[in-house]
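This briefing takes up a single protein chain and the ligand modelled with it. Please look over the sequence and the structure before reading on.

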Amino acid sequence: NRLHDKESSGNLFPQLSQGCVFQPRISTFYTCYKTHRKASQHSVTTISMVFRKLPGVSASGMGLRLSQKFVFLLFLSGLVTLCFGALFFLPDSVRLKRIFLSKTESQPPSITNEAKADEKVVGGEALEDLTMSRSKTESSSKDEKVTSSSNQRANTDTSFDYNKFKKCLLKPPLGIEHGKSSHPQTLHRRDKVKEMMKFAWDNYKSFAWGKNELRPLTKNGHIGNMFGGLRGASIVDSLDTLYIMGLIDEYNDAKEWVETSLDLNSNGEASLFEVNIRYVGGLLSAYYLTGEEMFKRKVLELGEKLLPAFNTPTGIPRGVINLGSGTSWSWGWASAGSSILAEFGTLHLEFVHLSELSNNPIYTEKVMNIRRLLNKIEKPHGLYPNFLSPVSGNWVQHHVSIGGLGDSFYEYLIKSYLMSDKTDEEAKNMYYSALEAIEANLVQKSPGGLTYMAEWRGGILDHKMGHLACFSGGMVGIGADDGAPEKRQHFLDLAAEITHTCHESYTTKLGPEAFRFDGGAEATATRLSDRYYILRPEVIESYMYMWRLTHDPKYREWGWEAVEALEQHCRVEAGFSGIRDVYAQTVSHDNMQQSFFLSETLKYLYLLFSDDDLLPLEDWVFNTEAHPLPVIRKSCLHGEGGTHDKTTSE
Ligand code: DMJ
């Protein structure tokens, strides 16, 4: 420790400091000392003066030799410790790691091989693999401060009254006739979307049953590394879509799989965000729509496993959690061990429902703590940057985006307000202030007259919009009504303009991952690497909301264009696949049927061609993976209430 101390080194090694830079590690210092030993007897004398301070070592030659052995042994043991420690930083797939650290093995070897094979495929997955690299900042559930006063274990009281909940809805969830339109063309289009869902599902079932996603070209399953060893992402993501489409045999198969095969005792490393939006969101929706107690049991069990991610000095969760051990860490690519706004800011809806179902406030406390910190912290120009330190609670970089890394945080502010039956004033205020800052700093008009949301890097605008940012048409739309009265029409116009811009980016009927508005570009991708389309829903999501809000027929027409393009470019023999270049004449498929295609893209299309009484927006709020969650009417749920008309369909 003394050698470590800069001040002592300055006093003790005045001469050595010229030939041998002081090193924090004793081994490095010793090597340096040996090199200089012969050249400088003076230094040796100085060193011996130092070792005289170590117990049992004299300044004599014998003492020096002993000290050399001592230091050498120290060096050796340090080396061994270092090598062993380095094992922790190797990927789980490395054999050495599996041999030495069998407890950290997260997947059986066969799965590891499969995941390895998966790495070769390009597209969205390249990012997925990259995202799983670790950052240096890691926490264990045992050694960091627990920020909640509640019991960390979510002791659950499962006495939630489902029948009462149903009575508190204003309308029947599936409408009078399952949202069936009386307009023949609309009905025909909706049937087509249902057929697409059945096709996507049947192929998943035939070739990838139980795996996370289908690889439609190679006709096999994909596991990936986002879900911590959990399986069946496409099944859990599809439950509600199958149910609302009336694909009841398929829904029953999915339900049976969840009951018998969804194993929550996995010990892998998961994205807290992805597990929350897909698994927690999917199971919650399935429970609320069907009343099956099994879904509630599963989701409460899973929710409890996510709690240790919040054990950080600020209570801001880290991005990755080991579902078995509760250890969490930040993404390797996130600067300085930071957490991502769109990840820790996209938990609110699901966690409030976990508290509702378990009658345990701990989940709400966790997300309210995040809210408190974000509300309090100083915001550059009123904007929320994408990276925040879970240790200091400060912003790490001033990069702001309504697309990737930021997107669903804003979405969850307005949806928290709507889901609270418009009682959560704090969420409302945060949303409208954020929107004001976004309008003042990010919303731009292109030379060609297109409205878009640019990205902001420390005050400098990047004139690009991601496909992900296209959800914002719908978001601004659903928030329009509750804004200041003089701004309502303005918000609706803004929502329509953004949706129009996103439609413009679909020049070939499907749009690229990112498009630009500089160098003469008008909503087009200028880089080859931005031209892929991975079956994302955001543009169609905005069509659906804008249809519900305005009933302008153009939104249904635009939705139909997308259906035709999906059929033409993405449908292959065994499912639907993303494509690598939306501008290419010859289509090249990425061999992935993303689970969000079943949960979001096809669900939003189906709703677009349904009447508004299928999942009415007065009663339901869609999470960011399109899983419908009911509005919580506290006074009704916990009082005498009940407005549901008994004559309605179930
Ligand atoms: C989905 O998993 C969610 O919509 C998420 O919020 C963002 N990206 C994908 C779909 O593009």
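About how much area does the chain expose, and what percentage of it do carbon and sulfur atoms supply? In this predicted model, the chain exposes about 26,800 Å², of which carbon and sulfur atoms supply 54%. The chain has 650 residues, and 57% of them count as buried, while its secondary structure amounts to 25 helices and 20 strands. Among the contacts in the chain with a separation of 6 or more, 70% are accounted for by residues 24 or more positions apart.

**The ligand and its shell**

- The residues that surround the ligand are Phe-273, Ile-277, Arg-278, Leu-468, Arg-536, Pro-537, Glu-538, Phe-596, Glu-600, Thr-624 and Glu-625.
- An oxygen atom of the ligand lies 2.7 Å from an N or O atom in the side chain of Arg-536, and an oxygen atom of the ligand is likewise found 2.7 Å from an N or O atom in the side chain of Glu-538.
- The backbone also takes part in this picture, since a polar backbone atom of Thr-624 is 2.7 Å from an oxygen atom of the ligand.
- On its own the ligand has 290 Å² of accessible area, and the protein covers 91% of that area.
- Two or more residues of the shell around the ligand are given by each of the elements α13 (272–290) and α24 (595–608), and α13 provides the largest share of that shell, with three residues.

**Aromatic pairs and a charge over a ring**

- The count of aromatic pairs comes to 31.
- One of these pairs is formed by Phe-351 and Tyr-363, which meet edge-to-face at 5.8 Å centre to centre, with 75° between the planes.
- This pair links distant parts of the chain, with Phe-351 in helix α16 (residues 348–358) and Tyr-363 in helix α17 (residues 362–376), twelve residues apart.
- Phe-351 counts as buried because its relative accessibility is 0%, and Tyr-363 counts as buried at 0% relative accessibility too.
- The rings of Tyr-452 and Phe-517 form a stacked pair, because their planes are at 5° and their centres lie 3.8 Å apart.
- That stacked pair also links distant parts of the chain, since Tyr-452 belongs to strand β12 (residues 451–453), whereas Phe-517 is in the loop between β16 (514–516) and α22 (538–550), 65 residues apart.
- Tyr-452 is buried, at 2% relative accessibility, and Phe-517 is buried with a relative accessible area of 5%.
- Elsewhere, ring pairs link Phe-160, Tyr-162, Phe-165, Tyr-287 and Tyr-288 into a cluster.
- Arg-571 is placed over the face of Phe-199, at 3.8 Å from the ring centre.

**The surroundings of Ser-401**

- Ser-401 is located in the loop between β10 (399–400) and α18 (407–419).
- Is Ser-401 buried or exposed? Ser-401 is buried, because its relative accessible area is 0%, and the cut-off for a buried residue is under 20%.
- A polar atom of the side chain of Ser-401 lies 3.3 Å from the backbone oxygen of Gly-404, and the side chain of Ser-401 also makes a polar contact of 3.1 Å with the side chain of Glu-455.
- When its neighbours within four places in sequence are left aside, Ser-401 is in contact with Asn-386, Gly-406, Asp-407, Tyr-410 and Glu-455.

**Helix α20**

- Helix α20 (residues 472–479) is mostly covered, with eight of its eight residues buried.
- The buried residues of α20 are Ser-472, Gly-473, Gly-474, Met-475, Val-476, Gly-477, Ile-478 and Gly-479.
- These buried residues pack against several elements, which are α18, α19 (425–441), β12, β15 (464–466), α21 (488–505) and α22.

**The loop that holds Thr-218**

- Thr-218 is found in the loop between β2 (213–215) and β3 (220–222).
- The side chain of Thr-218 is joined by a polar contact of 2.7 Å to the side chain of Asn-220, and a polar contact of 2.9 Å joins the side chains of Thr-218 and Asn-591.
- Although Thr-218 and Met-592 are 374 residues apart in sequence, they are 9.5 Å apart in space, C-alpha to C-alpha.

How values were computed
Residues numbered from 1 in each chain as written. Predicted model: local features only at pLDDT ≥ 70, side-chain atom pairs only at ≥ 80, totals over all residues. Heavy atoms only, no water. Helix = DSSP H or I, 4+ residues; strand = E, 2+ residues; numbered from the N terminus. Buried < 20%, exposed > 50% of the residue type's maximum accessible area, 1.4 Å probe, protein only. Polar contact = N/O pair within 3.5 Å; in protein donor to acceptor, adjacent residues only side chain to side chain. Contact = heavy atoms within 4.5 Å. Phe/Tyr/Trp six-rings, centres within 6.5 Å; stacked < 30°, edge-to-face > 60°. Lys NZ or Arg CZ within 6 Å of the ring centre and 35° of its normal. Near = heavy atom within 4 Å. Areas by Shrake-Rupley, 256 points an atom, 1.4 Å probe, with all protein chains shown as cover.
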